[in-house]
Amino acid sequence: MVKIEQLNGVTLAYLGDATYEVYIRRHLLDLNITKVNLLQQKAKHYVSAKAQAALINLMLEENILSDEEIRIYKNGRNAKKYTKAKNTGVLTYHMSTGFEALIGYLDIKKDQKRLEELILWCIKKVESGETDAEQFE
């Protein structure tokens, strides 16, 4: 059994990336979007580094994260990464890594209620147009 305390931010982000994407893909399929190209096009509004940076920025602005969740986000954001950002700036990449670390943390902690609460919040923000991903490089 893996102990959460032994996992660094990048490892949590690795899990969080997959977890978040599964939720988003399931959501898009629930909307009856079944064409792969359209699924991919829609998914980027939720799962791109820019979208994730915009979402975590809104979470911080709206003060919806606990102190522990902010700590996990910051640890993920500040973790040493061994890959480079491909289509975005370094700051955006770091913010999105922190977002994914938070999702991964909640998943591995098995806090399904809070995980789903935050993901549903993200979905609502994206669908309402409240995320301004263009502000991020």
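**Helix pairs and selected residues in a predicted model**

The axes of helix H5 (residues 90-108) and helix H6 (residues 112-128) come within 8 Å of each other and cross at roughly 145°. Axes here are lines fitted to C-alpha atoms, for helices over the stretch in contact, with angles running from 0 to 180 degrees between N-to-C directions. Helices (H or I, at least four residues) are DSSP runs, numbered from the N terminus. The structure is a predicted model, in which local features need pLDDT of at least 70 and side-chain atom pairs count only at pLDDT 80 or more, while totals for chains, interfaces and linings use all residues. Residues are numbered from 1 along each chain as its sequence is written, and side-chain values use heavy atoms, with hydrogens and water left out.

On the H5 side, the contact with H6 (heavy atoms within 4.5 Å) is made by Phe99, Leu102, Ile103, Leu106 and Asp107. H6 contributes Gln112, Arg114, Leu115, Leu118, Ile119 and Cys122. These residues of the H5 and H6 contact divide into eight nonpolar, one polar and two charged. In this grouping Ala, Val, Leu, Ile, Met, Phe, Trp, Tyr, Cys and Pro count as nonpolar, Asp, Glu, Lys and Arg as charged, and the others, Gly among them, as polar. The loop between H5 and H6 holds Lys110, a residue other than glycine with a positive phi near 65°. Lys110 has a relative accessible area of 63% and is therefore exposed (buried means under 20% relative accessible area, exposed over 50%, and partly exposed in between, with a 1.4 Å probe and protein chains only).

A second helix pair is formed by H1 (residues 9-30) and H2 (residues 36-47), whose axes come within 10 Å and cross at roughly 130°. H1 is therefore oblique to H2; angles under 35 degrees count as roughly parallel, over 145 as roughly antiparallel, 65 to 115 as roughly perpendicular and the rest as oblique. The crossing of H1 and H2 is right-handed, meaning that the near helix is turned clockwise from the far one by less than a right angle, whereas an anticlockwise turn would be left-handed. Tyr20, Glu21, Ile24, His27, Leu28 and Leu29 of H1 meet Leu39, Lys42, Ala43, Tyr46 and Val47 of H2 in this contact. The contact residues of H1 with H2 comprise eight nonpolar, one polar and two charged.

Two residues of the loop between H1 and H2 were examined. Asn32 lies in this loop and has a positive phi of about 70° although it is not a glycine. With 61% relative accessibility, Asn32 counts as exposed. Ile33, also placed in the loop between H1 and H2, is buried, with a relative accessible area of 12%. Leaving aside residues up to four places away in sequence, Ile33 touches Leu28, Leu38, Leu39 and Lys42.

Within helix H1 lies Asp17, which is covered by the UniProt annotation "active site" from an unreviewed entry. UniProt positions are given in the numbering used here, feature names are shortened, and annotations may be inferred rather than shown by experiment. The relative accessible area of Asp17 is 32%, so this residue is partly exposed.

Tyr73 is located in helix H4 (residues 67-78) and is buried, with a relative accessible area of 2%. Apart from residues up to four places away in sequence, Tyr73 touches Ile56, Leu60, Met95, Gly98 and Phe99. Tyr73 and Ala53 are 20 residues apart in sequence and 11 Å apart in space, C-alpha to C-alpha.
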